Amino acid sequence: MTLILNVFGQPSDIPIKSYKAQKLKSQAPVIDGILDEELWSDENRTGDFMQFQPHEGIAPSQETEFAIHFDNNNIYVGIWAYDSSPDSISRRLTRRDNIDGDVIGVDFDSYHDHRTSFGFWVSSSGVKLDRIMSGDGSNEDDSWDPNWFVKTSINDDGWTAEMKIPLSQLRFENASTEGWGLNVMRLVFRTEEVSVWQRIPRGSSGFVHNYGHLTGITDISPKKQFDITPYTVVSTERYEKTEGNPFATGKDYSYTAGLDAKIGITNNLTLDLSVNPDFGQVEADPSQVNLTAYETFFEEKRPFFIEGRSILSMPLMIGDGDMANENLFYTRRIGRRPHGYPNMSNDEYADLPAFTRILGAGKVTGKTEKGWSVGLLESVTAEEKAEIAFDGGDSRYEAIEPLTNYLIGTVHKDYNQGNTVIAGMITSTSRRLDNTNLEYLHKSAYTGGFDFTQFFKNKTYLLSMKTYFSQVSGTEEAITRTQQSPTHYFQRPDADHLTLDTTRTSLIGNGGSIMLGKVGNSPLNFGGFINWKTPGVELNDVGYIRSTDELFTILWASYRFYEPFSIFRTLSFNSSLWSAFDFGGVYNGSGANINANSQFKNFWSLNLGVSGRTESLSTGMLRGGPSFITPASLTPFVRVNTDARKKLVFGISGFAPTSFEGHSQTVGGEISLSYRPFNMMTISLDPNIMLNKSNLQYIEENSFNGDSRYIFGSIDQKVLGISLRLNLTITPDLTIQYWGQPFIASGKYSNIKMITDDPLASEYGDRYHEFTDDQIVCYEDDDYCAVDENVDGQVDYNIEYPDFNVKEFKSNLVARWEYRPGSVFYLVWSQGRSQYNSYGNMSLGRDFGDMYGSSPQNVFLLKFSYRFGL
């Protein structure tokens, strides 16, 4: 259970506490969690914690005390978590940063900028959680893994924690009389009671700026970090041999080596460097079937790109949903799957890399002496070539991905005690396309953004303004492809404000947002938001943007009950109302959402809501064709979770989007089961299912007598996935994790139809024409349908047979041993199985049999790293 204090702000009538750290006058303590050395004597301790939740501002049920000492190289923290029932202390073992059970932690605002803190947390079982909080608490990065030391111990009075935090792991200027910001926090797991040393009201609008003061930190100097971690990887792959394919011999071997480094340029600026990085221990992406024209967004899992990502980020949208992932920087672009595919004859085979090799990557993050937070990332990816050959023949090579350089830079500065914040970001993508036959890619792409935020009235109100721009350059083919891509669709025949220009060699655009609202210091918050994206804005070389030519207006409001009442421990309501337009001034539709989120006093939770959309104008449904009116829709959703403190935890969720007039009907749900048979093991099972019947699912575009034909069909789609996880934590430094996912998806098409010349007809049925038996004949064995549209006995065009049945199984088994701080040994086994058929129905017995009867692809990997630190 990760403890996240999602709080903001502090009224001025709450006194700010101060604690004076003591410099060591004797030998440094032995870090054993016992706290029996003289420096931990009573006169150096302080306590007087206040409850944060469930009841704010009252005395906690269990007392807590702490003491802080330091020398020239380290900070030492001792925490006494008294407990009237020591046998009830929860000692759950987990992996680092996935902390669970009873927890205590300390946060240092060592910059003393009132916006950034470095947190060092530990569970009663000795599992670490370390995090960087930025933006006064609005961003939290637990991928930061500094090298520090901690031990815990349980005794008759409760439990204790003893920490040694090297000064090289903190960022600060030379010691000053201002000191640092400080807060110490505790979670009592069995009651979910959180208490804090410096009181912070739960309904206010900032976090770090409310910390208490840590004084006495004098006569110390910043320390530069210098860690070099070389690594080696040995792997072997086993799969089914293919006769005649010189590349599918049934087994492959590989060896690679690289280096990771973390080097302090100054104490406040750190260089992270990775040469020939390897991410073989990273879990595979879950299986999906995407029937839309838009790119699937995948979460980042690679450690180098996760750590510090908040500073190298500029989100473009608020809330959740498809557009919430839009950002000037999408880290998965670096090392992506190659763009190209080789041209081959029928008797040739190809050896293609699954991902683009990252030759090297470096990033600089931290603060300058002038108080500017900076982030700079540079990465170079290799030119990738496919090796092509036939059995017994010579090989030839064809480029499928060019040598590419990525550069991302950010700056951030706050003024007036964090009430005024400015930020900027630039990105650059440069490709070497000479002699690659990849001229359809952009040769260069540049984006930039500026963000301004102003808080008012003790951070109760907020004004935020953001703008960004883009410019991409390339051949006429490259820019034409960009204009015609699903992100833009400049070729739409009814979009009078758009012109497809096939002679262009560059494209520019911009976007932005303005938000004004009340964001804290009371249970009621509300605001308004405007977001725009011009037709030409293009971010997808190193960022992520789903669609353009949009103007959104959003109104939102929320109300939260912070104190328990009646049957509720917490309760909140949220609502929003939005409208959409394009840059031709055309109204595209509106929608609304209302939801409630609650936790009961028995620690069960219930979340439910409903969202709706009016009849809307879809500019992308015909994938470059004219706009189409889609019927109104309604989507109810609900989720119930049992008490997360128990050994057995159960959750169930469901959703049922319905578009009126028979347009579509979807029912889906997920069950989550988590069982902890003992403290060191967790087993979870998460089956999910989705059943969708849609009257209009896009198949393809065709042509008849010079006119476009947009072909659709009714689809009966079924998706079933099961995620199984097993986490075994033998010690906080030795863990075994398993993840496996069988996945089946099928789609059965019927009632093939074409869109009529009037996709805006007032009657839904007049917007499409369903082919009669005289007009279409499907040949399943040959995977196509023949259309005789004018019923003259001649085939006018063919349609690729659309039915599908996809079966995949993915699994990862990872044993991880951090045998010394920062040095890790991995043992990894990954397996994949897949099969595709053109029958469109789902039969669980047959499909699971086919899946596990297919030939597996097994990868066995050993990775060894050793950290040299100064």
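**Figure 1. A nonpolar surface patch in the predicted model**. Nine side chains are shown in this close-up of a predicted structure: Leu-648, Phe-650, Ile-652, Ile-671, Leu-673, Tyr-675, Ile-683, Leu-685 and Leu-724 together make a nonpolar patch of about 690 Å² on the surface. Two or more residues of the patch come from each of strand 36 (648-655), strand 38 (664-678) and strand 39 (681-704). Within this group, Leu-648 belongs to strand 36. Leu-648 has a relative accessible area of 54% and is therefore classed as exposed, the cut-off for that class being over 50%. In a regular strand, side chains alternate between the two faces of the sheet.

**Figure 2. The surroundings of Ser-373 in strand 20**. Ser-373 is part of strand 20, which covers residues 373-381. The relative accessible area of Ser-373 is 13%, so the residue counts as buried, a class that requires a value under 20%. Leaving aside residues up to four places away in sequence, Ser-373 is in contact with Ile-311, Gly-366, Lys-367, Thr-410, Val-411 and His-412.

**Figure 3. Antiparallel pairing of strands 15, 16 and 17**. Strand 15 (residues 226-238) runs antiparallel to strand 16 (residues 251-264), and 13 bridges join the two. In this pairing Phe-226 faces Ile-263 of strand 16. Strand 16 is also paired with strand 17 (residues 269-275), again in the antiparallel sense, over 6 bridges. Here Ala-261 has Leu-273 of strand 17 as its bridge partner. Strands 16 and 17 form a hairpin, with 4 residues lying between them.

**Figure 4. An open sheet made of strands 43, 44 and 45**. The 3 strands of this open sheet follow the order 43-44-45 and pair in the antiparallel sense. Strand 43 (776-779) and strand 45 (797-800) occupy the edges; each has a single partner strand, so one side of each is left without a neighbour in the sheet. From one strand to the next, the twist averages 25°.

**Figure 5. Detail of the pairing between strands 44 and 45**. Strand 44 (residues 784-787) and strand 45 are linked by 4 bridges in an antiparallel arrangement. One of the residues in this pairing, Tyr-784, has Glu-800 in strand 45 as its bridge partner. Strand 45 is an edge strand of the sheet, as is strand 43.

Methods
Residues numbered from 1 in each chain as written. Predicted model: local features only at pLDDT ≥ 70, side-chain atom pairs only at ≥ 80, totals over all residues. Heavy atoms only, no water. Buried < 20%, exposed > 50% of the residue type's maximum accessible area, 1.4 Å probe, protein only. Contact = heavy atoms within 4.5 Å. Pairing = 2+ DSSP bridges. Patch = residues over 30% accessible without salt bridge, like charges linked within 9 Å, V, L, I, M, F, W, Y side chains within 5 Å. Areas by Shrake-Rupley, 256 points an atom, 1.4 Å probe, with all protein chains shown as cover. Salt bridge = Lys/Arg side-chain N within 4 Å of Asp/Glu carboxyl O. Axes fitted to C-alpha atoms, helices over the stretch in contact; angles between N-to-C directions.
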